[in-house]
Amino acid sequence: MQSRRNTPWRIRALIAALVAGFSLSTPGLAAATPSADDFTPMDEYERMSIAQMEVELARVTAAKDDADIQLSIVGEELARAQQDLEDAQVRLAEAQEEANEAAQERDAARDQLASVAQTAYRSGSGSLDRFAPYLQTDGLAEVQRKAAILDKFSHDTDFQLQQVVALDQVARGLEEQAKESEAQVSAAKVEVEQREQLAQTAAIAAENQVTEVQQRRTALIAQLAERRNVLIAEEEARQERIQAEQRRRQEAAERARVEREQQQVAQAEARRQAEAAAQAEANRQQSAERDQRPATPAPAPKPTPPSNSSRGAAVVAWAETKLGVPYVWGGNGYLGYDCSGLAQNAWASQGVRLPRVAADQYWATRRVAISDLQPGDLVFWGRGGGTAEIYHVAIYAGNGQMIEAPRPGLNVKYSPLRYQNLLPYGGRP
């Protein structure tokens, strides 16, 4: 199966990138998160100023956030590969069933033709040798080259011969389709194996990255404590307060971004509707003047996506029953869930079929502003808050809370709605 996303060379490149370390620029800093080769040795920390050490500490801390994002992306790609394999297996089963049915119809028609041939032989109207090409599977391929034989049969026999030929062509075509589907399944299995290998490599790389970040952070805090002549525990508490304040400011900035983008979209839509309404009113007035009759009132504007309050509440209730279930790579309910598997199964509990991965779920649902979210709506995250690389989905539960399958190593849980990389519009199935 040809894949538009996952060629072996790209998989090798992704593995190399993951092993080398995750890199994402920290907001407000010009430099990207350093790789392992850029790490400053302990004996060089003393030559750094306090300000430089604090900047370095912020960069080291940000590396873990990018590792989480990268893990989510790899997990979604694994889920997509698994879904492609399931789809290919379904197509193979259908193709095999159709091929078997066609072969049975062809064999039944061949048996009927054999009966006609036996009758003709007994009545002395001809030799069975004339019928041989039509009574054997291999001989059917020679039918067109032996068309002259058809003149020796009656109209009924001719019809039966043509029916056998046609059914054989259909059966052969469906058998070829089944072989193609089988090849697609084999390719999809290879793809899943490669994605599973990539996921395992990503998890190991992320674990190593976190360990290295923690070690580096500990060393930096120790040096800062020494410079300030305070206890390490005091410096640790101070850094926790600094990071909490940074997260608060960053979250406020991201929330302002979401609100700003929603306002821009709302203003553009309001202008579009006003222009459309004005044009429609002008057209009605012109039509009324021509017809010398009063203009009819303008139709009401299109409503926003209808409320899903009852189903949405049931979706949240179903998701609550999965609290504590572990995150599983590509999980769709057997041993656990990944983020999109949880969302898909939650809505499937209400008879709503959603695609398998987060990006497809976003495009399969109706847009609803974050400020208008209702319980059961889906919320999405993408690189930089855009739709080009959607990597996570969660179920909005109301009151600024959501239920999500966060990442490997964590369980399904309630979380506050995060605005970092949040798309400005959620999805309502």
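Sixteen salt bridges, given as 16 in the count for the whole structure, are present in this predicted model. Side chains of opposite charge can pair when their charged atoms come close. One such pair is formed by Arg 80 and Asp 360, whose closest N and O atoms lie 3.1 Å apart. This contact links distant parts of the chain, since Arg 80 belongs to helix 3 and Asp 360 to helix 10 (residues 358-364), with 280 residues separating them. The two partners fall into separate accessibility classes: Arg 80 has a relative accessible area of 14% and is therefore buried, the cut-off being under 20%, whereas Asp 360, at 30%, is partly exposed.

A salt bridge also joins Arg 356 to Asp 338, again with 3.1 Å between the closest N and O atoms. Here the residues are 18 positions apart and both lie in loops: Arg 356 in the loop between helix 9 (339-348) and helix 10, and Asp 338 in the loop between helix 8 (309-320) and helix 9. Both Arg 356 and Asp 338 are buried.

Between the sequence neighbours Arg 106 and Asp 107, the side chains meet in a salt bridge with an N to O distance of 3.4 Å. Arg 106 is buried, with a relative accessibility of 8%, while Asp 107 is partly exposed at 29%. In addition, salt bridges connect Glu 77, Glu 191 and Arg 195 in a network.

Negative charge is also gathered on the surface, where Glu 94, Glu 97, Glu 98, Glu 101 and Glu 105 make up a patch. Of these residues, Glu 105 is located in helix 3, which spans residues 50-122. Its relative accessibility of 48% places Glu 105 in the partly exposed class.

Among the strands, strand 3 (residues 390-398) pairs with both strand 2 and strand 4. Strand 2 (residues 378-382) runs antiparallel to strand 3 and is joined to it by five bridges; in one of these, Gly 382 is partnered by Ile 390 of strand 3. Strand 4 (residues 401-404) is likewise antiparallel to strand 3, with three bridges between them. The bridge partner of Gly 398 in strand 4 is Gln 401. Two residues separate strand 3 from strand 4 in a hairpin, and Asn 399 in the turn has a positive phi of about 55°. Strand 3 is largely enclosed by the rest of the structure, because nine of its nine residues are buried.

Technical notes:
Residues are numbered from 1 along each chain as its sequence is written. This is a predicted model: local features need pLDDT of at least 70, side-chain atom pairs count only at pLDDT 80 or more; totals for chains, interfaces and linings use all residues. Side-chain values use heavy atoms; hydrogens and water are left out. Patches are made of residues with over 30% relative accessible area and no salt bridge: like charges are joined within 9 Å, nonpolar side chains (Val, Leu, Ile, Met, Phe, Trp, Tyr) within 5 Å. Accessible areas come from the Shrake-Rupley method with a 1.4 Å probe; for residues, only the protein chains shown count as cover. A salt bridge is a side-chain nitrogen of Lys or Arg within 4 Å of a carboxyl oxygen of Asp or Glu. Lys and Arg count as positive and Asp and Glu as negative; His and the chain ends are not counted. The place of a charge is taken as NZ of Lys, CZ of Arg, CG of Asp or CD of Glu. Helices (H or I, at least four residues) and strands (E, at least two) are DSSP runs, numbered from the N terminus. Buried means under 20% relative accessible area, exposed over 50%, partly exposed in between (1.4 Å probe, protein chains only). Two strands pair if DSSP finds at least two bridges between them.
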